[in-house]
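Visitor: Could you walk me through this chain? I'd like to start with the overall picture and then go to single residues.

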Amino acid sequence: MIKIILLIIIAIGVTAIFDARRIAEKYFSTQDINKQVLLLKAVGFLVSVVSAIILSFLL
């Protein structure tokens, strides 16, 4: 069960990386969009990597 949850978290992180520009334009103000896109990509990357490391230890 925990493996499925980790896979879903990895998928959410990867989606945040690839759709960061659309997410930032939809939910945040347009004043400083580039910083928000960079932040979303960094958070998505960290979430994906941490989840993948935990998943690899569980297998």
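Guide: We can take the fold, then the core, then a few residues and the surface. Please keep in mind that this is a predicted model.

Visitor: Sure. How many helices and strands does the chain have?

Guide: The chain has 3 helices and 0 strands, and reading along the sequence gives the pattern α-α-α.

Visitor: And is that spread out or a compact globule?

Guide: It is more spread out than a compact globule, because the radius of gyration of the chain is 13 Å, whereas the globule rule gives 10 Å for 59 residues, and the chain is well over that. Along the principal axes, the C-alpha trace spans about 45 × 15 × 15 Å.

Visitor: What share of the residues is buried?

Guide: Buried residues make up 22% of the 59 residues in the chain. As for the outside, the accessible surface comes to about 4,600 Å², and 73% of that belongs to carbon and sulfur atoms.

Visitor: How about contacts between residues 24 or more positions apart, what part do they play in the count?

Guide: Taking the contacts with a separation of 6 or more, residues 24 or more positions apart account for 59% of them.

Visitor: OK, on to the inside. Which residues make up the largest nonpolar core?

Guide: That core has 5 residues in all, namely Ala20, Ala24, Ile33, Val37 and Leu40. The elements that give two or more residues to this core are helix H2, residues 20–27, and helix H3, residues 33–58, with H3 providing the largest share, 3 residues.

Visitor: Take Leu40 then. What does Leu40 touch?

Guide: Setting aside residues up to four places away in sequence, Leu40 touches Ala16, Ala20, Ile23, Ala24 and Phe28. Of these, Ala20 and Ala24 are listed with Leu40 in the core.

Visitor: And Ile33, is that one buried or exposed?

Guide: Ile33, which is placed in helix H3, is buried, because its relative accessible area is 15% and the cut-off for buried is under 20%. Not counting residues up to four places away in sequence, Ile33 touches Arg21, Ala24 and Glu25. The C-alpha atoms of Ile33 and Arg21 are separated by 7.9 Å, although the two residues are 12 residues apart along the chain.

Visitor: Switching to polar residues, what about the serines in H3, say Ser48 and Ser51?

Guide: Ser48 is found in helix H3 and counts as buried, with a relative accessibility of 9%. Apart from residues up to four places away in sequence, Ser48 touches Ile10, Gly13 and Val14. Ser51 also lies in helix H3, and with a relative accessible area of 6% Ser51 is buried.

Visitor: Which residues is Ser51 in contact with?

Guide: Leaving aside neighbours within four places in sequence, Ser51 is in contact with Leu6, Ile9 and Ile10. Ile10 is therefore a residue that both Ser48 and Ser51 touch, given that contact means heavy atoms within 4.5 Å.

Visitor: Last topic, the surface. Which residues make the nonpolar patch?

Guide: Met1, Ile2, Ile5, Val50, Ile54 and Leu58 make a nonpolar surface patch of about 580 Å². Helix H1, residues 2–18, and H3 each supply at least two residues of the patch, and the largest share, 3 residues, comes from H3.

Visitor: How exposed is Val50 in that patch?

Guide: Val50, found in helix H3, is partly exposed, with a relative accessible area of 45%.

Technical notes
Residues numbered from 1 in each chain as written. Predicted model: local features only at pLDDT ≥ 70, side-chain atom pairs only at ≥ 80, totals over all residues. Heavy atoms only, no water. Core = buried A, V, L, I, M, F, W, Y, C linked by side-chain atoms within 4.5 Å. Buried < 20%, exposed > 50% of the residue type's maximum accessible area, 1.4 Å probe, protein only. Helix = DSSP H or I, 4+ residues; strand = E, 2+ residues; numbered from the N terminus. Rg over C-alpha atoms; globule rule 2.2 N^0.38 Å. Areas by Shrake-Rupley, 256 points an atom, 1.4 Å probe, with all protein chains shown as cover. Patch = residues over 30% accessible without salt bridge, like charges linked within 9 Å, V, L, I, M, F, W, Y side chains within 5 Å. Salt bridge = Lys/Arg side-chain N within 4 Å of Asp/Glu carboxyl O.
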